[in-house]
Amino acid sequence: MKKNFVGMLLLCLCLRLWSWGEQGGAPRVDSGAVGSRIVTAELGWRYERAEGAEAAAPGEDMPCLPAETATPASPAETPAPPESSPAPDEPAPLPTESPAEAAEETLSPAPTPRALSFSKDTVTNRTAQTLDLEALRRESLSQRLPAGEAQILILHTHGTEAYTMDPGHTYAESDAYRSTDTACNVVRVGDELAAALSEQGLRVIHDRTLYDYPSYTASYARSAAAVEQWLRLYPRIAVVIDVHRDALGEGETVYKTRWETDGESAAQVMILIGTGENGLAHPLWRENFKLALRLQDAMNAACPGLARPIDLVRERYNQHYTTGSMILEVGSSGNTLPEALRAVRSFGESAAPVLLGLREG
């Protein structure tokens with residue numbers, strides 16, 4: 001009996017070692033759980049964890065992704081601004097690529113978005129700051145757009161953010177409401193904004209790099225390094241617009257922002273300004289806010305209903321590099337790409353006169 005017992009014990013041990021070897025000696029990671037955590041971070045905390053990555057040391061583990069995929073690239077590893085970027089005096093080219101295998105794709109099952117129209121309040125103040133909006137409107141703007149040089153930088157910290165698919169606009173998802181296809185995600189929205197501003201005579205650079213792929217973690221650190229590189233090349237860039245799409249929902253309900261232009265459905269846009277109250281130095285945030293207030297007033301005059309309230313938050317979101325930095329949220333995940341394109345073009349056309357008024361000479 002004793003020999004049989006020892007034999008059975010040895011057999012179980014061998015089987016256990018064989019099983020461990022087959023698994024590679026490490027637990028498996030559920031990619032679906034990873035994607036779930038990314039979406040949860042976006043929906044629940046509005047990129048606040050990404051803002052924290054701005055000050056994180058390279059390689060620090062963040063909760064959005066497992067440690068083995070969470071090591072951010074150091075600023076030195078960030079690719080140099082692409083040589084194919086449009087010259088400052090040329091409109092940004094529209095993408096030539098089409099959605100991969102669009103004919104074979106099927107729409108992902110998703111709930112029908114519920115439409116929202118936001119109030120006409122000027123600001124949603126999530127900070128401890130006291131605002132005298134009328135006094136701020138009377139102050140002059142500090143930004144000066146140089147003549148004959150690059151004036152505006154458009155980029156995308158979360159470039160894979162995409163929209164609700166409709167029959168004419170399908171794409172391969174890299175995660176829920178995300179795609180690396182720049183013909184379908186917010187990079188395409190940035191193309192439209194760059195074209196709208198360039199057509200009015202402004203000198204625009206559009207950086208079409210995806211700073212949130214393949215790793216979402218530390219995307220703000222990577223886009224910060226890119227802004228620094230662009231400012232080294234064009235030190236007089238006065239306005240930096242980080243174009244995103246918002247994510248609005250509650251439980252299983254997905255929301256879309258709603259506006260109408262020329263009888264067609266469109267999204268709304270929201271400017272987000274950070275104060276740095278969470279501990280990151282940002283002494284000139286009011287200059288960013290004054291420009292945002294002026295742009296919102298221009299939208300309200302030219303396109304009533306287009307603008308959501310300015311979102312004033314405690315984070316910094318890389319807005320300390322210029323006195324004309326902002327996040328522009330174009331629509332939400334419940335909106336379609338055509339709705340976002342109509343909205344951002346209307347924003348560009350209403351914002352252009354304000355920006356042209358800041359040119360030197």
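Two strands are said to pair if DSSP finds at least two bridges between them. I begin with that definition because the centre of my talk is a sheet described by its strand pairing. The structure before you is a predicted model.

In this model, an open sheet of 7 strands follows the order 2-11-10-12-5-3-4, and its pairing is mixed. At the edges are strand 2, residues 123-125, and strand 4, residues 204-206, each of which pairs on one side only. On average, and ignoring direction, neighbouring strands of the sheet are turned by 25° against each other.

Allow me to place this sheet within the whole protein. The secondary structure comprises 8 helices and 12 strands. Of the 361 residues, 51% are buried. Taking contacts between residues at least 6 apart in sequence, 82% join residues at least 24 apart.

A word on confidence is in order. The mean pLDDT of the protein is 77, with 67% of the residues at 70 or more. Residues 12-80 stay under 50 in pLDDT, and the model has 100 contacts for them beyond four places in sequence. Residues 82-109 likewise stay under 50, with 51 such contacts. I shall therefore read these two stretches with caution, since pLDDT is the predictor's confidence in each residue.

Let us now turn to strand 5, residues 239-246. Strand 5 runs parallel to strand 3, residues 152-155, and 4 bridges join the two. Within this pairing, I152 has V239 as its bridge partner, and I154 has I241. Strand 5 also runs parallel to strand 12, to which 6 bridges join it. There, the bridge partner of D242 is I327.

How many residues of strand 5 are buried? The count is 8 of the 8, so strand 5 is largely enclosed by the rest of the structure. From strand 5, V239, I241, V243 and R245 point one way, while V240, D242, H244 and D246 point the other way. Both sets are buried, the charged names among them included.

Which helices lie against these strands? Helix 6, residues 219-233, lies across strand 3, strand 4, strand 5 and strand 12, and runs at about 155° to strand 3. Helix 8 also packs on the sheet, where it touches strand 3, strand 5, strand 10 (269-274) and strand 12. The direction of helix 8 makes about 150° with that of strand 12.

I come next to the nonpolar cores. In soluble globular proteins, nonpolar side chains tend to be buried together. Here, the largest nonpolar core has 52 residues, and F289, V330 and F347 have the most contacts inside it. Helix 8, residues 337-356, gives the most to this core, with 10 residues. What does F289 touch, leaving aside residues up to four places away in sequence? F289 touches V123, L131, L133, L136, I273, I310 and L312. Apart from the largest core lies another, of 11 residues, including I205, A226, V227 and V240.

For those who handle this protein at the bench, I add a note on cysteines. A disulfide is a covalent bond between the sulfur atoms of two cysteines. A search of the whole structure finds 0 disulfides. Are C184 and C303 buried or exposed? The cut-off for buried is under 20% relative accessible area. C184 has 6%, so it is buried. C303, at 12%, therefore counts as buried too.

Finally, I draw attention to some details of the backbone. The loop between strand 4 and helix 6 holds P214, and the peptide bond from Y213 to P214 is cis, with omega near 10°. A218 has its place in the loop between strand 4 and helix 6. Although A218 is not a glycine, it has a positive phi of about 65°. With a relative accessible area of 4%, A218 is buried.

Where does Y177 have its place? Y177 is in the loop between strand 3 and helix 5, residues 186-199. The phi of Y177 is near 55°, a positive value in a residue other than glycine. Y177 has a relative accessible area of 18%, so this residue is buried.

To close, I return to the sheet: an open arrangement of 7 strands with mixed pairing, in which strand 5 is largely enclosed by the rest of the structure. Thank you for your attention.

Conventions:
Residues numbered from 1 in each chain as written. Predicted model: local features only at pLDDT ≥ 70, side-chain atom pairs only at ≥ 80, totals over all residues. Heavy atoms only, no water. Core = buried A, V, L, I, M, F, W, Y, C linked by side-chain atoms within 4.5 Å. Buried < 20%, exposed > 50% of the residue type's maximum accessible area, 1.4 Å probe, protein only. Helix = DSSP H or I, 4+ residues; strand = E, 2+ residues; numbered from the N terminus. Contact = heavy atoms within 4.5 Å. Disulfide = S-S within 2.5 Å. Axes fitted to C-alpha atoms, helices over the stretch in contact; angles between N-to-C directions. pLDDT = per-residue confidence, 0-100.
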